[in-house]
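Student: Could you take me through the largest nonpolar core in this one? I'd like a close look at who touches whom, and what sits around it.

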Amino acid sequence: MMNCLDFRRQVGAEPFADDALLETHRRQCPACAHYQDELRAMDGLIARSLAVPATRITRRTPQPRFALATGRPRLFAIAASIAVGLAVGLVLLVSAPRASIAREVIGHVAHEAATMAATVPITPGALAGVLDPEGTRLRPGIGDVTFAARCVYDGQVVPHLVVRTPQGTVTVLLLRHREIAEPLQIEGQGFAGVVLPAPRGSIAIVGQGLANLDGIAQQVFEAVDWGA
């Protein structure tokens, strides 16, 4: 009988994996079926975006001069609307990202909380299958990695690890697509953690009831080899 952790490990490394054990678990566990469907949808989206051919640039037919003259007020109105929209967008962009990152990270970790119960270290091959596509690896000494999968997060596929350190167990998300300027403390739903700027994007380290979160976060951060 396959459990949820084994299912997510396998489909996290290969979303389109298909065998009798996986299919049986899919039928019995809607949450895991939804997890695999999300990964498959993201892989399909990436494949379609890479397959789009370059569009041919065509020359527009010049418009009559009177059309430019009569259309100028409309152009000014459009330009003004765009300027206002950009101004509002910039205000939101400056004020919202940190709260958004905190909400997204805590929400993802809480949704996948069952993964933190894993105690058996995964194989080096399984870990490499999750980290290699990102061009990253873990240096020795970080502790036991008991869960590793490629998860859909914020519309991206990111490595999701659970690491058992001597000081406690943490969930680690490698967020290459999210950049932050300075460390961000996050808390909610019984979890606490930190998101740190990284050589490639950022890294989130989250746990529960940790007495030395900063020390664990520093240990995990230093254990990640971000590649060239």
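**The core and its sheet**

Tutor: Start with the hubs: among the 30 residues of the largest nonpolar core, V105, L173, L175, I186, V195 and V206 touch the most other members. (A core is a set of buried Ala, Val, Leu, Ile, Met, Phe, Trp, Tyr and Cys residues joined through side-chain atoms within 4.5 Å; buried is under 20% relative accessible area with a 1.4 Å probe, protein chains only.) Helix 5 (residues 97-111) supplies the largest share, five residues. (Helices are DSSP runs of H or I, at least four residues; strands are E, at least two; both are numbered from the N terminus.) Mind that this is a predicted model, with local features needing pLDDT of at least 70, side-chain atom pairs 80 or more, and totals using all residues. Numbering runs from 1 along each chain, and side-chain values use heavy atoms, without hydrogens or water.

Now zoom in on V105: leaving out residues up to four places away in sequence, V105 touches Y153, L173, L175, I186, V195, A204 and V206 (heavy atoms within 4.5 Å). There's also a second, separate core of 26 residues, including L161, A198, L213 and W226.

As for the sheet, six strands form an open one in the order 2-3-4-7-6-5, paired antiparallel (at least two DSSP bridges per pair). Strand 2 and strand 5 (184-188) are its edges, each pairing on one side only. Strand 4 and strand 7 (residues 202-207) are joined by six bridges, and L174 stands opposite I203 in strand 7. Helix 6 packs on this sheet, touching strand 2, strand 3 and strand 4. Helix 7 (residues 213-223) lies across strand 3, strand 4, strand 5, strand 6 (191-197) and strand 7.

Technical notes. Buried < 20%, exposed > 50% of the residue type's maximum accessible area, 1.4 Å probe, protein only. Axes fitted to C-alpha atoms, helices over the stretch in contact; angles between N-to-C directions.
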